[in-house]
Amino acid sequence: MSSPRFRFCQLELPWALGPADGRYVVRVHAGEPSHVLVLRTLGAPERRMLRRRRGGRSAPAEPAPAPVTTTRATVIVAERVDEPTAQRWLDGADLDAELAAGLAVLNDVLDAQRIAAADPFVRAVSLDQALVARVGYGAGDEVADGRWSAARELPAGPRGRTRQARARALRPQERLSALLGGRDVALAAEELTLRARHDLDRGRGREAALQVRVALEAALAELPVWGHRPEVAKRLGALADEREAVAAAAHRALEGGLDEAQLADVERVVARLEAALAARVAGGLE
C-alpha cells in the first residue's frame with residue numbers, strides 16, 4: 001500500500017517572515033490539526049560582526065546589491081488522501097483559490113507571531129509579493145521538507161485582482177507625486193479605512209468594526225474641508241447617517257462576534273468611506 005499523500009501550497013518570499021524556521025501545527029477549535037505550516041530560510045545575507053566605531057565604516061562608491069533573505073512557506077493540509085485522489089484534485093484544482101486558502105493560513109500564523117512577539121512590523125503577505133507560488137501534493141516526508149510528488153507552479157506577480165484600484169480617480173504614481181510634492185495630504189481617515197478593509201478581507205469582523213468606527217469619525221472631521229464639492233458633500237451626508245449602525249457594530253464587537261447584519265453594515269460603511277475618499281481626490285488637488 002502506498003504512503004498517504006498530503007496537499008499543499010507553497011510560497012517563496014524575499015524576506016524573513018518573523019517566525020523561526022520549523023513546523024507549526026494549526027488546529028481547529030476541537031483540537032484537530034487542520035494544517036501544518038513549514039517555514040524554511042533558503043538564503044540569508046552574511047551578517048558580519050563589525051567593531052562598533054563612530055561614523056561606521058567607509059562605503060564603496062558603487063556597492064554591489066546586498067543579498068536578501070528568502071523564506072519558503074509550505075502550507076500543508078492535514079487530511080490524508082491516496083495518490084489517485086491527490087492527482088485528481090490537482091488536475092481539477094482552482095489553483096488561485098488553493099493559494100488564497102493557503103495564504104489565509106500563513107497570515108493567521110503571522111498575526112499570531114505579531115501578537116506573541118509584540119512586534120508591529122511582522123506583516124501579512126499577499127500573493128503578488130511571492131517570488132514563486134506552487135500547488136501540489138506529496139508524501140509526508142516530502143512536503144515537510146519542501147518537496148513534492150507533483151506540483152504546478154504559477155506565474156509570479158499580480159494575479160488580476162483589482163481591490164487596490166477600487167474607485168481610484170488618480171493613478172497611484174500621480175497621487176504619490178502629489179503627496180511628496182506637498183500638493184496633497186494623506187488623511188488619517190485614509191489609513192484607518194485601509195486598515196478596516198484589510199481586516200474585512202482577512203475575515204476579522206470584530207477588528208474591522210472597531211476600526212471603521214474610528215475611520216468614520218476621522219472622515220467626518222477631515223472631509224468637510226472639501227464639502228464645497230457636490231460629490232463630497234453628498235457622500236458626507238450618507239456617512240453621517242451611518243454613525244448609529246457603526247456604533248452598534250463596534251459595541252457588539254467589544255462583547256463578541258458580529259451577526260451577519262452587523263457585518264454587512266461594516267462592509268457597507270467601509271465601501272462608502274472608500275468612495276468618499278476617492279471623490280475627494282477625483283475633484284482635483286488643491
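Student: Where does Arg7 lie relative to Trp89?
Tutor: In this predicted model, Arg7 sits over the face of Trp89, and its distance from the ring centre is 5.7 Å.

Student: And which ring does Arg123 lie over?
Tutor: Arg123 lies over the face of Trp15, at 4.0 Å from the ring centre.

Student: How many aromatic pairs does the structure hold?
Tutor: There is one aromatic pair in the structure.

Student: OK, switching to helices. What do people use to describe two packed helices?
Tutor: Two packed helices are described by the angle between their axes together with the distance between those axes.

Student: So what are those values for helix 7 and helix 9?
Tutor: Helix 7, which covers residues 230-240, packs against helix 9, which covers residues 260-282, at an angle of about 160°, and their axes are 9 Å apart. Since an angle over 145 degrees counts as roughly antiparallel, helix 7 is therefore roughly antiparallel to helix 9.

Student: Is that crossing left-handed or right-handed?
Tutor: The crossing of helix 7 and helix 9 is left-handed.

Student: Which residues meet there?
Tutor: From helix 7 come Glu231, Val232, Arg235, Ala238 and Leu239, and they meet Arg272, Leu273, Ala275, Ala276, Ala279 and Arg280 of helix 9. Sorted by class, the residues of this contact between helix 7 and helix 9 are seven nonpolar, no polar and four charged.

Student: What about helix 6 and helix 7, how do their axes cross?
Tutor: Helix 6, residues 205-222, has an axis that comes within 10 Å of the axis of helix 7, and the two cross at roughly 140°. That angle makes helix 6 oblique to helix 7, and their crossing is left-handed.

Student: Which residues make that contact?
Tutor: Leu216, Ala219 and Leu220 of helix 6 make the contact with Leu236, Leu239 and Ala240 of helix 7. The residues of this contact of helix 6 with helix 7 comprise six nonpolar, no polar and no charged.

Student: Then at what angle do helix 6 and helix 9 pack?
Tutor: The angle between helix 6 and helix 9 is about 40°, with their axes 10 Å apart, and these two helices are therefore oblique to each other. Helix 6 passes helix 9 in a left-handed crossing.

Student: Which residues are in that one?
Tutor: Helix 6 contributes Gly205, Ala208, Ala209, Val212, Ala215, Leu216 and Ala219, while helix 9 contributes Leu263, Val266, Val269, Val270 and Leu273. By class, the contact of helix 6 with helix 9 has eleven nonpolar residues, one polar residue and no charged residues.

Definitions and conventions. Residues numbered from 1 in each chain as written. Predicted model: local features only at pLDDT ≥ 70, side-chain atom pairs only at ≥ 80, totals over all residues. Heavy atoms only, no water. Axes fitted to C-alpha atoms, helices over the stretch in contact; angles between N-to-C directions. Helix = DSSP H or I, 4+ residues; strand = E, 2+ residues; numbered from the N terminus. Parallel < 35°, antiparallel > 145°, perpendicular 65-115°, else oblique. Left-handed = near helix turned anticlockwise from the far one by under 90°. Contact = heavy atoms within 4.5 Å. Nonpolar A, V, L, I, M, F, W, Y, C, P; charged D, E, K, R; others polar. Phe/Tyr/Trp six-rings, centres within 6.5 Å; stacked < 30°, edge-to-face > 60°. Lys NZ or Arg CZ within 6 Å of the ring centre and 35° of its normal.
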